[in-house]
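Work through the exercises below with the sequence and the coordinates at hand. Each task is followed by a solution in steps.

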Amino acid sequence: MIKLLALFLSLTFLLALANEDNLEGIKTYLLGQTVALKTATSELQALSDQYFALAESSEFDYEVMWQNNQAEVTNLIEEARAAWMKASPLYEEVEGIVAGTPSLAQFDVDLDAGSSAAEDPEGAVSFDITLPNGDVLEKPGNLFGVTESTLYGTYEAFSSGVQADLDYDGEMEFGEVLPDANVLKSSVDLLTQMSGDLDAAANAWTPTESDAFTALAVMVPTMSEYFGSWRDSRFVLGEASTQRDFVAISRLADIQGILGGLQIVHESVSPLIQSVDPEQDAGIATGLESLKLLVKGVYDDEQAGKTFTPEEADLLGAEAQNRATAITGQIVQVASQLNIQIAE
């Protein structure tokens with residue numbers, strides 16, 4: 001009897017050690033992305049600094065700046081947009097981990113999910129932005145949203161108001177407006193700083209089983225929210241959209257990134273789930289992959305030129321949400337079997 005008890009305790013200890021190694025895989029993945037995110041935002045910062053210096057040399061007369069420096073301005077804006085489009089997906093690929101982990105979740109509010117105080121005081125970001133000219137943007141919205149709407153001219157308060165034919169085709173089209181250099185510099189500076197802060201917090205973080213199951217239980221059932229954002233974006237509504245962000249990258253691409261990160265989380269706890277319910281573990285894995293493939297199929301159609309109606313977007317969002325809800329039920333059930341707490 002004593003030998004059996006010792007064997008049981010030994011096996012339990014070994015399982016715990018093995019699962020700690022698996023959980024470290026989440027941290028390794030997260031750190032890989034945050035390091036890349038710091039690099040991308042630093043690149044964006046260097047470009048925004050150059051744009052600010054050019055605007056300053058023109059005494060912030062954007063019409064004069066454009067008339068005298070068309071090629072340089074065009075290149076800076078195009079390169080800044082490219083850097084932003086590199087940085088944003090890097091964050092989306094870890095959003096499921098960051099937003100679903102209580103100790104890291106505020107970064108998601110401030111970087112990617114929080115609203116402005118004017119739109120939703122309860123869901124607003126935690127910061128103000130002080131501009132080089134002394135003006136203060138009070139809780140203006142999340143940093144990826146502020147920088148995107150500044151770079152693409154989708155929010156009047158963040159724009160210079162000066163149109164510029166950036167592709168030289170003789171027509172003024174979407175996005176052909178010069179960013180306000182003060183807003184761009186300050187918001188990008190803070191985005192870069194906060195990306196570094198997230199990396200530091202990720203380095204200090206030790207993932208737990210509760211963190212992993214909480215991230216899955218909190219973030220998997222968010223499909224209706226993301227599809228709703230896609231439905232209201234330019235990718236569905238076109239010029240009729242009044243949404244100021246999610247104009248550069250389809251929300252469908254973001255969803256795939258988020259689900260990919262959540263698959264990493266599931267893989268880390270898969271051996272633990274298999275120890276109590278192999279069939280349930282297989283069901284969760286299959287469900288996540290099926291959900292991701294559903295989103296990918298819609299995204300591929302969109303990239304091929306199909307424009308979905310708002311009604312179609314709602315139907316697809318309902319289908320994705322139904323699948324996500326079923327997966328979440330499995331996750332919660334197996335967490336209960338394992339006596340692992342899911343944080344509220």
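A cavity is a set of grid points where a 1.4 Å probe fits but cannot get out. The model used here is predicted.

**Exercise 1. Enclosed space**

Find how many cavities of 30 Å³ or more the whole structure holds, and describe the lining of the largest cavity.

Solution.
- Step 1. The search of the whole structure gives four cavities of 30 Å³ or more.
- Step 2. The volume of the largest cavity is about 50 Å³.
- Step 3. Its lining consists of Trp-84, Ser-88, Glu-92, Asp-112, Asn-142, Phe-144, Gly-145, Glu-148, Asp-245, Phe-246 and Asp-254.
- Step 4. Helix H3 (70-100) and helix H5 (143-152) are the elements that give two or more residues to this lining.
- Step 5. Sorted by class, the lining has five charged, three polar and three nonpolar residues.

**Exercise 2. Two pockets**

For the largest pocket and the second largest pocket, state the volume, the residues nearest the centre and the classes of the lining residues.

Solution.
- Step 1. The largest pocket holds about 500 Å³ of space, and the second largest pocket about 160 Å³.
- Step 2. Of the 24 residues that line the largest pocket, Ala-113, Gly-114, Asn-142, Asp-245 and Phe-246 lie nearest its centre.
- Step 3. At least two lining residues of the largest pocket come from each of H3, H4, H5, helix H7 (209-219) and helix H8 (223-231). The classes are nine polar, eight charged and seven nonpolar.
- Step 4. The second largest pocket has 14 lining residues, with Gly-153, Thr-154, Ser-159, Gln-163 and Val-177 nearest its centre.
- Step 5. Strand E3 (residues 159-163) gives the largest share of that lining, four residues. By class, the lining of the second largest pocket has seven polar, four nonpolar and three charged residues.

**Exercise 3. The surroundings of Asn-142**

Decide whether Asn-142 is buried or exposed, and list its polar contacts with Asp-112 and Gly-145.

Solution.
- Step 1. Asn-142 sits in the loop between strand E2 (136-137) and H5.
- Step 2. Its relative accessibility is 7%, so Asn-142 counts as buried; the cut-off is under 20%.
- Step 3. The side chain of Asn-142 comes within 3.3 Å of the backbone oxygen of Asp-112. A polar atom of the same side chain lies 2.7 Å from the backbone nitrogen of Gly-145.
- Step 4. Beyond four places in sequence, Asn-142 touches Val-109, Asp-110, Leu-111, Asp-112, Ala-113, Gly-114, Val-125 and Asp-245.
- Step 5. Among these contacts, Asp-110, Leu-111 and Asp-112 are also buried residues of helix H4 (residues 105-113), together with Phe-107 and Asp-108. The cover over the buried residues of H4 includes H3, H5 and H6.

**Exercise 4. Helix H6 and Glu-171**

Compare the span of H6 with the expected value, then place Glu-171 in sequence and in space.

Solution.
- Step 1. H6 (residues 181-204) has 24 residues and spans 35 Å from first to last C-alpha, close to the expected 34 Å.
- Step 2. The N-terminal end of H6 is capped by Asp-180, with a side-chain oxygen 2.9 Å from the backbone nitrogen of Asn-182.
- Step 3. Glu-171 belongs to the loop between E3 and strand E4 (177-179). With 49% relative accessibility, Glu-171 counts as partly exposed.
- Step 4. Glu-171 and Leu-191 are separated by 20 residues in sequence and by 32 Å between their C-alpha atoms.
- Step 5. Apart from neighbours within four places in sequence, Glu-171 contacts Asp-165 and Glu-176.

Methods
Residues numbered from 1 in each chain as written. Predicted model: local features only at pLDDT ≥ 70, side-chain atom pairs only at ≥ 80, totals over all residues. Heavy atoms only, no water. Expected span 1.5 Å × (residues − 1). Polar contact = N/O pair within 3.5 Å; in protein donor to acceptor, adjacent residues only side chain to side chain. 1 Å grid on protein atoms, 1.4 Å probe; cavity = no way out; pocket = protein on both sides within 12 Å on 5 of 7 lines; lining within 4 Å. Points joined across faces, edges and corners; volume = space filled by probe spheres on them. Nonpolar A, V, L, I, M, F, W, Y, C, P; charged D, E, K, R; others polar. Buried < 20%, exposed > 50% of the residue type's maximum accessible area, 1.4 Å probe, protein only. Contact = heavy atoms within 4.5 Å.
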